[in-house]
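Q: Could you take me through one part of this model in close detail, starting from a single helix and its surroundings and going on to the rings and any enclosed space? I would enjoy one connected account.

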Amino acid sequence: MFYLREDITKRGKPPGFWNPFKSHIDLPRIKDGGVNCLTFVVYVPFHIHSENYFDEALKMLNLLEEFVESNRDKLEIAKGLSDIERIIQEEKLAATIAIEGGHILDGDIKNLETLKQKGVIYITLTHLHSNDIAESSFLKLHRTRGLTDFGREVIVEMERLGILIDVAHCSERAFWEILEITDAPIIYTHGGVRRYCDIERNLSDDQIKAISKRGGIIGVTFFPFYLRKWSLFGGIPLFVRVVEHIADIGGVDSVAIGSDFDGCIWTLRGVKDISYTWRVVEALRYTFSEEEVRKILFENIRRILVKNTGARYKS
């Protein structure tokens, strides 16, 4: 929406495979897929030509606010659980907001307060590069050796403000250091498991157990490359297999959907875009009970939004 000026009120065509100039989502296709709550992610690439990352993020947030205001009959920004449930009841799309990459804070802890006021639900601490908060599981060009001192401050302040801590993309060392600081439930919004794709970006069984023990949630991506190593054209069974593994290790209460649509990925065979989400739901129903499917689709996320309110941090 920001860089390519995509108008998501209009129905578009899905990418054939990997094509960052084509979109997986727009309002008509969201409705076709039966989706009524969707996270809009602010992502500011590294080394952009701008005064600072935070200003660029605010521009994106302002764009989203303007878009929602122009289409208030179709969607509304949800800043918490009560908003989400009210908006869905009104048969509109509940748009939650997240930040991917804590580098957008520009090293200023006070920027978290602004993001909270804007309605940010969670922050993914890092992305493809290490930053001044944490070490990434991918390109460790700026090694932080886990969490930085500033990163520790960020964890404490996020917990105080009630912003969920997302450990997707964090290195394993950073992951365990985060758990040493906070007792709050943490989230891993999108990825896979090492049982089927043994890369640091994915979760080990010990990490799955740790997130589950805290009452956190793990979102399983639709990106087949993370669901089975070197998988280019994997289908929905790969996704269901990973969901089953997490449920076996950590319990079904710890699983959610973390599609990563429009995250510059290609997606599952048979799920060309968000309008095909119903196919994933139907596949889950072959393996899980209706109650368990409801947990995976929303109830687990609902629970963690309740738990995160008033969370405390270790002294």
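**Helix α6 and beyond**

A: Happily! In this predicted model, the cover over the buried residues of α6 includes α5 (149-161), β5 (164-166) and α7 (205-213). Helix α6 itself spans residues 172-181, and its buried residues are Ala174, Phe175, Glu177, Ile178, Leu179 and Ile181. A general point helps in reading such a list: an α-helix has 3.6 residues a turn, so residues three or four places apart point the same way.

Phe175 also leads us to the enclosed space. By the rule used here, there is one cavity of 30 Å³ or more, and the largest cavity has a volume of about 50 Å³. Phe175 is one of its lining residues, and so is Glu172. The rest of the lining is made up of Val167, Cys170, Ser171, Tyr188, Arg194, Glu200, Arg201, Asn202, Leu203 and Gln207. By class, this lining divides into five nonpolar, three polar and four charged residues.

Now to the rings. The structure holds twelve aromatic pairs. One of them joins Phe2 and Tyr3, with 4.9 Å from centre to centre and 85° between the planes, an edge-to-face arrangement. Phe2 is buried, at a relative accessible area of 16%, because the cut-off for buried is under 20%. Tyr3, at 42% relative accessibility, counts as partly exposed. Phe2 has a further partner: Arg5 lies over the face of its ring, 5.5 Å from the ring centre.

Another pair is formed by Phe222 and Phe261: their ring centres are 5.4 Å apart and their planes meet at 85°, so this pair is edge-to-face. The pair links distant parts of the chain, 39 residues apart. Phe222 sits in the loop between β7 (217-220) and α8 (224-227), while Phe261 belongs to the loop between β8 (255-257) and α10 (277-287). Both Phe222 and Phe261 are buried.

Ring pairs also build a cluster, made of Phe17, Phe223, Phe225, Tyr226, Trp230, Phe233 and Trp266. Finally, there is a charge over another ring for you to look at: Arg241 lies over the face of Tyr196, at 3.8 Å from the ring centre.

Conventions: Residues numbered from 1 in each chain as written. Predicted model: local features only at pLDDT ≥ 70, side-chain atom pairs only at ≥ 80, totals over all residues. Heavy atoms only, no water. Buried < 20%, exposed > 50% of the residue type's maximum accessible area, 1.4 Å probe, protein only. Helix = DSSP H or I, 4+ residues; strand = E, 2+ residues; numbered from the N terminus. Contact = heavy atoms within 4.5 Å. Phe/Tyr/Trp six-rings, centres within 6.5 Å; stacked < 30°, edge-to-face > 60°. Lys NZ or Arg CZ within 6 Å of the ring centre and 35° of its normal. 1 Å grid on protein atoms, 1.4 Å probe; cavity = no way out; pocket = protein on both sides within 12 Å on 5 of 7 lines; lining within 4 Å. Points joined across faces, edges and corners; volume = space filled by probe spheres on them. Nonpolar A, V, L, I, M, F, W, Y, C, P; charged D, E, K, R; others polar.
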